[in-house]
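Thanks for coming, everyone. Let me put the structure up, and then we'll walk through a few residues.

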Amino acid sequence: MEIVNIRLDSRLIHGQTAAMWTGTLKATRIMVIDNDVVKDDMMKSLLRMACPKACKLSVLDTKVATANIKMRKYEGDRIFIIVKTSATLVELLKCGFPLADVTIGNINGRNDSRAIMKTICVTPDDEDNFHYLHEHGVRMFAQMVPSNAREDFMKLL
């Protein structure tokens, strides 16, 4: 079992993640971790349709995902983890999930957000979460597609 990338992308599985990222990473499993999505049957159905046929899909909440990773449940898999929010990353860290590097992709704009890149908008809560993660040793990089250079996310923030 190898975690090949942890990505924050508010769109979850879409063209870039399904085609470019999954192929570049040679992922065999996409793991969507989100406490709300796991309870939404319609969203889980959409994720199953968007997931590349060559990949397995897991949609889990933060506690189950952490337990499964710690138990090494996915032996032989190359796992591409996708989360929707910065709050999920903080919760994973607090659960003891092994977070080291996180790729920050698209974060949709909201009323109280500010754009730090064309496709990354952060709220004050996001900023607090990213500072918390940084203070706890998590390295974060902005990168939209695999062919783009990784940028130090904290410098952009």
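Which side chain does a polar contact of 2.6 Å join to that of Ser86? The partner is Asp126. Keep in mind that this is a predicted model.

Let's stay with Ser86. Find helix 4, residues 86-95; Ser86 sits there. Asn129 is another side-chain partner: its polar contact with the Ser86 side chain is 3.0 Å. Now set aside neighbours within four places in sequence. Ser86 is then in contact with Leu8, Asp126, Asn129 and Phe130. Is Ser86 buried or exposed? Buried, because its relative accessible area is 2%, and the cut-off for buried is under 20%.

Next, the cysteines. How many disulfides does the structure hold? Zero. Take Cys55 as a case. Its closest cysteine sulfur is in Cys51, 5.2 Å away, so that pair is too far apart for a bond. The limit for a disulfide is 2.5 Å between the sulfur atoms. Cys55 is buried, at 11% relative accessibility. Cys121 is buried too, at 14%.

Last stop, Ala18. Look in helix 1, residues 15-25. How far apart are Ala18 and Cys55 in space, C-alpha to C-alpha? The answer is 9.3 Å, with their positions 37 residues apart in sequence. What does Ala18 touch, once residues up to four places away in sequence are not counted? Ile13, Ala50 and Pro52. Ala18 counts as buried as well, because its relative accessibility is 16%.

To recap: Ser86 has side-chain polar contacts with Asp126 and Asn129. The structure has zero disulfides. And Ser86, Cys55, Cys121 and Ala18 are buried.

Key. Residues are numbered from 1 along each chain as its sequence is written. This is a predicted model: local features need pLDDT of at least 70, side-chain atom pairs count only at pLDDT 80 or more; totals for chains, interfaces and linings use all residues. Side-chain values use heavy atoms; hydrogens and water are left out. Helices (H or I, at least four residues) and strands (E, at least two) are DSSP runs, numbered from the N terminus. Buried means under 20% relative accessible area, exposed over 50%, partly exposed in between (1.4 Å probe, protein chains only). A polar contact is a pair of N or O atoms within 3.5 Å; within protein, one must be able to donate a hydrogen and the other to accept it, and residues adjacent in sequence count only if both atoms are side-chain atoms. Contact means heavy atoms within 4.5 Å.
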